[in-house]
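Dear colleague,

I am handing over the structure that we spoke about, and I would ask you to keep it open beside this message while you read. My notes on what was found follow directly below it.

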Amino acid sequence: MDIQKPNFTPRLQKALEYARESALDSGKNVIDIDHLALGILSLKSGPVNRIFTELGVNVDDFFQFLQDAVIIKSSLDHHFSGDEVIYSTEVKKVFAVACMFSERMDHQYVGLLHFVLALTKHLSGAFWEYLSSHQVEIVEVTNKIKSHFLHDTQQLTDENGNCIPNPIN
């Protein structure tokens, strides 16, 4: 059986690089859930930020909350010097679940929204602490993401790749 490497979108790759840099900057050699969430929110535009904004979340405040959580957590742990980092067990589980979601949706890629869906299965850390303190329910997040994917599949494009209205809707 041939196992294929997931096709991570360029935006997801940027988010993962930000998570890596965040871990190193905080003196850690392990990327944890909060680093991953920080990386996802580091991209100031796109569907993740739009979805959270639609849910009434101030994305800049959310990002700052995660950044503060990473700093506080790093001040409590021992520091690492070097440039090799690994993913925590929890983050590896998020990777696996995100890839599973992508496969189930028959997508040829794994993107940021797949990772946020996977985070809905991991209800700990500053990511969910912030959302729950702002009365954002998991089901709201998953419904918005599923709606986004459904909307995306119903979009028609012209020969230049520009979205055009779907006459069926």
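Lys144 is partly exposed, with a relative accessible area of 29%, and its side chain meets that of Glu54 in a salt bridge in which N and O are 3.1 Å apart. This pair links distant parts of the chain, since Glu54 belongs to helix H3 while Lys144 belongs to helix H8 (residues 138-153), 90 residues apart. Glu54 itself is exposed, at a relative accessible area of 52%. Please bear in mind throughout that this is a predicted model.

How many salt bridges does a search of the whole structure find? The search gives four, and besides the pair just described I would like to take you through two of them.

One is formed by Lys73 and Asp32, whose closest N and O atoms are 2.8 Å apart. Lys73 sits in helix H4 (residues 59-76), whereas Asp32 sits in the loop between strand E1 (30-31) and helix H2 (33-41), so this salt bridge ties together parts that are 41 residues apart in sequence. Is Asp32 buried or exposed? With a relative accessibility of 13%, Asp32 counts as buried, because the cut-off for that word is under 20%. Its partner Lys73, on the other hand, is partly exposed, with a relative accessible area of 37%.

Another salt bridge joins Lys44 and Asp60, and here the closest N and O atoms are 4.0 Å apart. Lys44 lies in the loop between H2 and helix H3 (47-54), and Asp60 lies in helix H4, so the pair connects parts that are 16 residues apart in sequence. Lys44 is partly exposed, its relative accessible area being 48%.

Turning from charged pairs to a buried residue, I would point you to Leu117, which has its place in helix H6 (residues 112-119) and is buried, with a relative accessible area of 3%. Which residues does Leu117 touch, if those up to four places away in sequence are not counted? They are Phe101, Met105, Thr142, Ile145 and Phe149. You may also wish to find Ile138, which is 21 residues from Leu117 along the chain and whose C-alpha atom is separated from that of Leu117 by 9.3 Å.

For the protein as a whole, you will find eight helices and four strands, which follow one another along the sequence in the pattern α-β-α-α-α-β-α-α-α-α-β-β. Of the 169 residues, 41% count as buried, and the protein exposes about 10100 Å², of which carbon and sulfur atoms supply 52%. Among the contacts with a separation of 6 or more, residues 24 or more positions apart account for 66%.

Finally, a word on confidence, which I would ask you to read with care. The average pLDDT of the protein is 84, and 82% of the residues score at least 70. Over residues 153-159, however, pLDDT stays under 50, and the model has 14 contacts beyond four places in sequence for that stretch. Residues 161-169 likewise stay under 50, and for them the model has 14 contacts beyond four places in sequence. Where pLDDT is low, the predicted coordinates should not be read in detail.

With best wishes

Terms used: Residues are numbered from 1 along each chain as its sequence is written. This is a predicted model: local features need pLDDT of at least 70, side-chain atom pairs count only at pLDDT 80 or more; totals for chains, interfaces and linings use all residues. Side-chain values use heavy atoms; hydrogens and water are left out. Helices (H or I, at least four residues) and strands (E, at least two) are DSSP runs, numbered from the N terminus. Buried means under 20% relative accessible area, exposed over 50%, partly exposed in between (1.4 Å probe, protein chains only). pLDDT is the predictor's confidence in each residue, from 0 to 100. Contact means heavy atoms within 4.5 Å. Accessible areas come from the Shrake-Rupley method with a 1.4 Å probe; for residues, only the protein chains shown count as cover.
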